[in-house]
Amino acid sequence: MQIHLGLALLLAAGATAAAQAPETDPLQPAADRMLEHIRVLSSDPFEGRKPGSAGEDKSVAYLQGEYSKLGLLPGNPDGSYIQDVPMVGVVSTTQAEFDIPGAAPLTPAWINDYVAVTRREAEEVDVKDSGIVFVGYGVVAPEYGWDDFKGVDVRGKTVVMLINDPPVVDPNDPTKLDDKMFKGKEETYYGRWTYKYEEASAMGAAACLIVHETGPAGYPFAVIAGSWGRENFDLKTTDGNIGRVKVEGWLTLDCAKRLFTAAGYDFDALKASAAKRNFHPVEFKATASFSIMAKVRTIASRNVVARLEGSDPAHKDEYVIYSAHWDHLGKNPLLKGDPIFHGAADNASGTAGILEIARAYTLLPAAERPKRSILFISTTAEEQGLLGARYYALHPLYPLEKTLADINLDGMQHAGPSRDLQVIGFGNTTLEDVATDVLAKEGRVVVPDLDPAKGYFFRNDEFEFAKVGLPAIYTSAGYDIVGKPAGYGKMRRDSYTANDYHKPSDVIKDWWDLRGAALDADTLFQIGLQVAQSETWPQWKPGSEFKARRDAELAGAPH
Ligand SMILES: [Zn+2]
């Protein structure tokens with residue numbers, strides 16, 4: 001692959017680069033191939049690629065066909081390209097009521113005021129008159145000396161929590177956050193909603209409601225209503241998820257304020273108190289009741305896995321993983337206008353990216369083939385909570401201690417070639433040093449998350465690989481676009497988040513310039529190749545919450 005030389009030319013041409021005729025641009029053929037993949041995957045017949053739908057059958061068949069056309073081997077040792085991912089789908093019909101002595105009951109309106117579902121495999125879930133306790137951010141973090149529960153028994157109670165990390169102010173400079181607490185303005189796992197429900201479950205609560213706020217959550221309530229308001233998916237478990245809190249839900253900020261006011265509390269005052277270490281849970285003189293009727297069905301979904309065999313007999317049983325989710329949100333016939341969530345950027349584009357990277361590997365001359373094997377995993381049900389990636393991480397087809405890294409793709413650059421590339425969760429692993437190296441050769445630079453507060457590292461498949469210790473990297477489109485005015489890349493990104501993210505309007509746009517996607521795919525190809533050839537294994541950096549797990553995994557294993 002010589003694409004990076006093409007970019008050097010582009011960069012040398014400076015401001016006139018964008019005017020370069022596409023047919024002479026070395027990035028254009030790859031951009032065209034990627035556009036074609038995206039066109040197919042985001043088309044109407046694929047129905048928005050929902051797991052368990054006819055759209056899944058088409059997506060899986062397409063990927064299997066493309067991987068096999070490239071000459072890649074079936075990735076499953078059973079001789080197939082398929083890893084079965086057994087899941088359950090649950091549609092919850094929920095009624096909720098808050099009772100305050102001496103006042104009329106509050107009955108929040110489904111979707112407009114709240115969503116609440118059960119993740120248990122049960123047809124009926126009832127929570128009656130459970131005491132409401134406000135537990136601040138719901139965080140227990142010994143390494144920060146932080147405990148929002150302070151020993152208060154919340155068993156059987158309805159806990160109400162705030163989203164994101166506690167925003168602890170720097171004692172020396174009240175205008176900024178304390179860098180030593182919860183990584184400052186970067187989001188830690190303690191800020192994620194998945195953590196909040198896990199903690200509520202561990203504490204034995206009956207229900208957990210998170211107060212939604214657009215800024216700290218990173219997306220408007222409509223995004224939650226859109227996904228939680230429909231069928232919810234989970235991995236099939238042997239215990240039917242009996243260990244999970246019975247009711248998991250969200251309140252809109254308005255609804256939360258009404259509840260706090262009715263119970264005699266000021267939301268903003270309590271929220272401010274929750275940002276301090278000495279916060280103590282507040283038990284409302286109020287109760288919550290939920291009645292959920294759940295329709296449960298089992299779904300047989302699939303990861304598609306392809307393999308390029310390593311060229312060195314001593315190393316070919318060691319693996320570098322590329323992952324990109326093929327699924328999206330399906331369709332909603334109740335929507336006015338286009339009912340299909342096309343997911344062109346999310347994640348037909350990353351799916352096109354992994355296919356382009358796979359192609360680059362197959363085109364390497366025999367002498368340059370990687371020593372280690374490369375695994376390409378097109379995961380299912382990312383949109384349902386990273387389920388396909390979690391399933392692989394929990395049921396790896398090849399041992400994790402023989403796996404070097406995961407390189408994840410989710411959403412490719414569509415504003416044109418950029419001089420920068422974001423490494424999400426910067427500071428985590430030595431993979432970012434490899435990225436820095438590769439980009440430097442291309443005349444480009446790594447930049448840390450340009451929007452660190454949104455916790456993107458925890459919102460994509462790489463997180464599931466990280467959780468089981470595997471060094472993982474996820475890069476995101478840079479903002480510094482060649483041949484465009486400053487601010488152009490950010491403007492495109494912001495407009496996508498505001499208008500198209502998880503909406504039917506996530507379709508191919510006529511202004512898209514996928515040369516940037518082609519360039520980034522080449523960079524990820526080079527990164528993986530370097531890892532697959534290197535004497536040293538990628539590692540978590542000191543201070544990373546994932547390091548201990550990996551160290552234990554590799555203890556005793558030769559590498
Ligand atoms: Zn995605």
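Buried means under 20% relative accessible area. That cut-off applies to the views below, which are all taken from a predicted model.

**View A. The zinc ion is held by one histidine and two aspartates.** The protein donors are His-325 (NE2), Asp-346 (OD) and Asp-410, with Asp-410 listed for two OD atoms. They lie 2.0 to 2.5 Å from the zinc ion. Angles among the four donor atoms run from 53 to 148 degrees, and the site is irregular. Four donors count as tetrahedral only if all angles lie between 85 and 135 degrees. Ideal angles for four tetrahedral donors are 109.5 degrees.

**View B. The zinc donors are spread along the chain as H-x20-D-x63-D.** His-325 sits in strand β14 (residues 319–325), while Asp-410 is in the loop between β16 (403–409) and β17 (420–424). This pair links distant parts of the chain, 85 residues apart. His-325 has a relative accessible area of 1%, so it counts as buried. Asp-410 is also buried, because its relative accessible area is 9%.

**View C. The second largest cavity is lined in part by the zinc donor Asp-410.** This cavity holds about 70 Å³ of space. Its lining includes Asn-408, Leu-409, Asp-410, Gly-411, Met-412 and Gln-413. Leu-421, Thr-475, Ser-476, Ala-477, Asp-520 and Leu-524 also line the second largest cavity. The elements giving two or more residues to this lining are β16, β19 (472–477) and α14 (515–533). β19 gives the most, with three residues. By class, the lining has five nonpolar, five polar and two charged residues.

**View D. The largest cavity encloses about 100 Å³ of space.** Fourteen residues line this cavity, and Glu-186, Glu-187, Gly-425, Phe-457 and Phe-458 are the closest to its centre. Its lining has five nonpolar, four polar and five charged residues. The structure holds six cavities of 30 Å³ or more.

**View E. The second largest pocket has a volume of about 370 Å³.** The pocket is lined by 17 residues. Ala-222, Ala-225, Gly-226, Ser-227 and Asn-332 lie nearest its centre. By class, the pocket lining has ten nonpolar, five polar and two charged residues.

**View F. Phe-134 and Phe-260 form an edge-to-face aromatic pair.** Their rings are 5.3 Å apart, centre to centre, with 75 degrees between the planes. The pair links distant parts of the chain: Phe-134 is in strand β4 (residues 124–134) and Phe-260 in helix α7 (residues 253–262), 126 residues apart. Phe-134 is at 0% relative accessibility, so it counts as buried. Phe-260 is buried too, with a relative accessible area of 0%.

**View G. Tyr-322 and Tyr-361 form an edge-to-face aromatic pair.** The centres lie 5.8 Å apart, and the planes are at 65 degrees. Tyr-322 lies in strand β14 and Tyr-361 in helix α9 (residues 344–362), so the pair ties together parts that are 39 residues apart in sequence. Both tyrosines, Tyr-322 and Tyr-361, are buried.

**View H. Eleven aromatic residues form one cluster.** The tyrosines of this cluster are Tyr-144, Tyr-189, Tyr-190 and Tyr-195. Its phenylalanines are Phe-182, Phe-457, Phe-458, Phe-463 and Phe-546. Trp-146 and Trp-540 complete the cluster. Phe-457 and Phe-458 are also among the residues closest to the centre of the largest cavity. The structure holds 32 aromatic pairs.

How values were computed. Residues are numbered from 1 along each chain as its sequence is written. This is a predicted model: local features need pLDDT of at least 70, side-chain atom pairs count only at pLDDT 80 or more; totals for chains, interfaces and linings use all residues. Side-chain values use heavy atoms; hydrogens and water are left out. Donors are N, O and S atoms within 2.8 Å of the metal (3.2 Å for Na, K and Ca); water is not among the atoms, so sites may look incomplete. Four donors count as tetrahedral if all angles lie between 85 and 135 degrees; four count as square planar and six as octahedral if opposite donors are over 155 degrees apart and all others between 65 and 115; anything else is irregular. Helices (H or I, at least four residues) and strands (E, at least two) are DSSP runs, numbered from the N terminus. Buried means under 20% relative accessible area, exposed over 50%, partly exposed in between (1.4 Å probe, protein chains only). On a 1 Å grid over the protein atoms alone, a cavity is a set of points where a 1.4 Å probe fits but cannot get out, and a pocket is an open set with protein on both sides within 12 Å along at least five of seven lines; lining residues have an atom within 4 Å of a point. Grid points are joined across faces, edges and corners, and a volume is the space filled by probe spheres set on the points. Ala, Val, Leu, Ile, Met, Phe, Trp, Tyr, Cys and Pro count as nonpolar, Asp, Glu, Lys and Arg as charged, and the others, Gly among them, as polar. Rings of Phe, Tyr and Trp (its six-membered ring) pair if their centres lie within 6.5 Å; planes under 30 degrees apart count as stacked, over 60 as edge-to-face and the rest as tilted.
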